There are 2 protein chains.
Amino acid sequence: MVQVLDKERVQARRMEILAAASAVFRERGFHAAGMREIAQRMGVAVGKLYYYFAGKEALLAFCQEDCLGRLLQVVEEAEKASDDPARQLAYIVRGHVRCLNSEVPGSLAHLEVESLAAADRARILRLRRRYERALQKVIERGVSTGCLRCGDPALATRSLLGAMNWTVKWWQPEGRMNLDDLADGLCEHALHGLAVSRRKGGT
Amino acid sequence: MVQVLDKERVQARRMEILAAASAVFRERGFHAAGMREIAQRMGVAVGKLYYYFAGKEALLAFCQEDCLGRLLQVVEEAEKASDDPARQLAYIVRGHVRCLNSEVPGSLAHLEVESLAAADRARILRLRRRYERALQKVIERGVSTGCLRCGDPALATRSLLGAMNWTVKWWQPEGRMNLDDLADGLCEHALHGLAVSRRKGGT
DNA sequence: TTATGATCTGAACCATGGTTCAAGTTCTGG
DNA sequence: CCAGAACTTGAACCATGGTTCAGATCATAA
């Protein structure tokens, strides 16, 4: 029992650290973020971070892993929530945008894979590819179902991913539109595009 | 005349350095890039960089300024090339994607504004805002012309920007599709979206 | 050829910031 | 209440890498 409790306690500590690290990473970017700063934010000494994590980049890896875990879970939920790929897409976009811009987890972490140790990077990239492939699958399923249409699903997926990830750079809680509006807007745009008519032409 | 020639020579040197710096920044990211590495790439000593630039972040600022200059020029060209906003958009997307992924200039530079000195950052952000506003204007013009349709032009602009900027993270020259195909694909997706019909519904 | 200024070099300097660790403090089981 | 493990501290250590600068080299004009 002690074992289990201890592990839970440790896990809890790790999550607390994750939250602080994630926040600082988000605000300053990985490189600009300092270990001392992370520690200070939670009112502890630097050493504590090293008791629970191997180092700064392990911290980043943990952030990314957590974030990707949530994203993958969002995909699962989406597929449970509806059979309509279009609806699934909307669900995922909401989850993705929310995941990157709010809550505990790793926002920029998802993006800065470069500054990861080779071992971690491989693992993270595997997860990431899995997520992106899942998203692409949703689109492809929509196409084969006939409710979506798309010349190049891989490209469309990446286009959407870019649009969603980019929100980190400009969206702010204080601004007009909340996260759900943002997500719905992006989704609407991804679905319907800018053109007035499908095949070129006037009003 | 000596004056002029000297200035030209200096300018040429600065551009050479820009090219090298830009390449290294693109490959490694700003923080991971080392001054020594940049110098080494052009076969000169570190000191030379400091003869022509105040420091690393001045180098980055110069990269970004150059890049944004090109982008703004693309917008001008687009507006000269056609009166049709949809065509203008296509032109800009091509220019943007090409600008970030090929040629000399600053790819990631365009994105990493955080690591800039306050003074530079302000100037760069002003340019960036001008560019993004110009892009948005194109979309808005399309809407008022009637050849485009869009619930939230600002959001659509940012969505498109995200999709374009994100290409830096995944597009590779060796892969299938060249830059123009990439740009056209993105543009197609931005215009027509994924939906089969405009207002929800089946085949 | 020589003086002068522009250009270039690269070893040395130094601030930053990630990391370590010896020493405290807290917790747990007996 | 005590021993020992778990946990926490923060000052000190040290590698990295941006920056400096005294001197070498090159270009130009007289």
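## Two protein chains and two DNA strands

The area buried between chain A and chain B is about 4,000 Å². Carbon and sulfur atoms give 56% of that area. This is a predicted model, and the interface is a good place to start reading it.

The contact draws on 42 residues from chain A and 42 residues from chain B. How are the two chains placed relative to each other? Two copies of a chain are related by a rotation about an axis and a shift along it. Here, chain A can be laid on chain B by a turn of 180° and a shift of 0.0 Å along the axis, with an RMSD of 0.0 Å. The two copies are therefore related as by a two-fold rotation axis. To find that axis in chain A, look at Gly193(A): its C-alpha is the nearest one in that chain, at 2.0 Å. Both copies use the same surface, since 100% of the contact residues of chain A recur in chain B.

Now turn to the polar side of this interface. Side chains of opposite charge can pair when their charged atoms come close. Between chain A and chain B there are six salt bridges. One of them joins Arg176(B) to Asp152(A), with the closest N and O atoms 3.2 Å apart. Eight residue pairs are in polar contact between chain A and chain B.

Which elements of chain A build its side of the contact? Helix H6 (118-145), helix H7 (153-170) and helix H8 (179-192) of chain A each give two or more residues to the side that touches chain B. H7(A) provides the largest share, 12 residues. By class, this side of chain A has 21 nonpolar, 11 polar and 10 charged residues.

Arg149(A) deserves a separate look. Arg149(A) sits in the loop between H6 and H7 of chain A. Its side chain reaches across to the backbone oxygen of Gly193(B) at 2.4 Å. Within its own chain, Arg149(A) is 42 residues from Leu191(A) in sequence. In space, the C-alpha atoms of Arg149(A) and Leu191(A) are 9.2 Å apart.

Chain A also has a salt bridge within itself. The side chains of Arg94(A) and Asp180(A) meet at 3.4 Å, N to O. This pair links distant parts of the chain, 86 residues apart. Arg94(A) lies in helix H5 (residues 85-101) of chain A, and Asp180(A) in helix H8 of chain A. Over all chains, the count comes to 30 salt bridges.

Next comes the DNA, beginning with strand D. Around DNA strand D there are 18 residues. The closest are Tyr52(A), Met35(B), Arg36(B), Tyr50(B) and Lys56(B). Of the strand D atoms that come within 4 Å of the protein, sugar and phosphate account for 58%.

Which part of strand D does Arg36(B) approach? An N or O atom in the side chain of Arg36(B) is 2.5 Å from a base nitrogen of DNA strand D. Two other side chains approach phosphate. A polar side-chain atom of Tyr50(B) lies 2.8 Å from a phosphate oxygen of strand D. For Lys48(A), a polar side-chain atom lies 3.2 Å from a phosphate oxygen of strand D.

The surface near strand D takes two or more residues from each of helix H1 (2-28) and helix H3 (46-52) of chain A, and helix H2 (35-41) and helix H3 (46-52) of chain B. H3(A) gives the most, with four residues. The residues of this surface divide into nine nonpolar, three polar and six charged.

Strand C completes the tour. DNA strand C has 19 residues around it. Met35(A), Arg36(A), Tyr50(A), Tyr51(B) and Tyr52(B) come nearest. Sugar or phosphate holds 59% of the strand C atoms within 4 Å of the protein, and the rest belong to bases.

Both chains reach phosphate oxygens of strand C. An N or O atom in the side chain of Lys56(A) is 2.9 Å from one. For Lys48(B), the corresponding distance is 3.3 Å, again from a side-chain N or O atom. Ala33(A) uses its backbone: a polar backbone atom is 3.1 Å from a phosphate oxygen of strand C.

H3(B) supplies the largest share of the surface near strand C, four residues. By class, that surface has 10 nonpolar, three polar and six charged residues.

Terms used: Residues numbered from 1 in each chain as written. Chains lettered and ligands numbered in written order. Predicted model: local features only at pLDDT ≥ 70, side-chain atom pairs only at ≥ 80, totals over all residues. Heavy atoms only, no water. Least-squares fit on C-alpha atoms with pLDDT ≥ 70 in both. Contact = heavy atoms within 4.5 Å. Buried area = accessible area lost by both parts, 1.4 Å probe. Salt bridge = Lys/Arg side-chain N within 4 Å of Asp/Glu carboxyl O. Polar contact = N/O pair within 3.5 Å; in protein donor to acceptor, adjacent residues only side chain to side chain. Nonpolar A, V, L, I, M, F, W, Y, C, P; charged D, E, K, R; others polar. Near = heavy atom within 4 Å.
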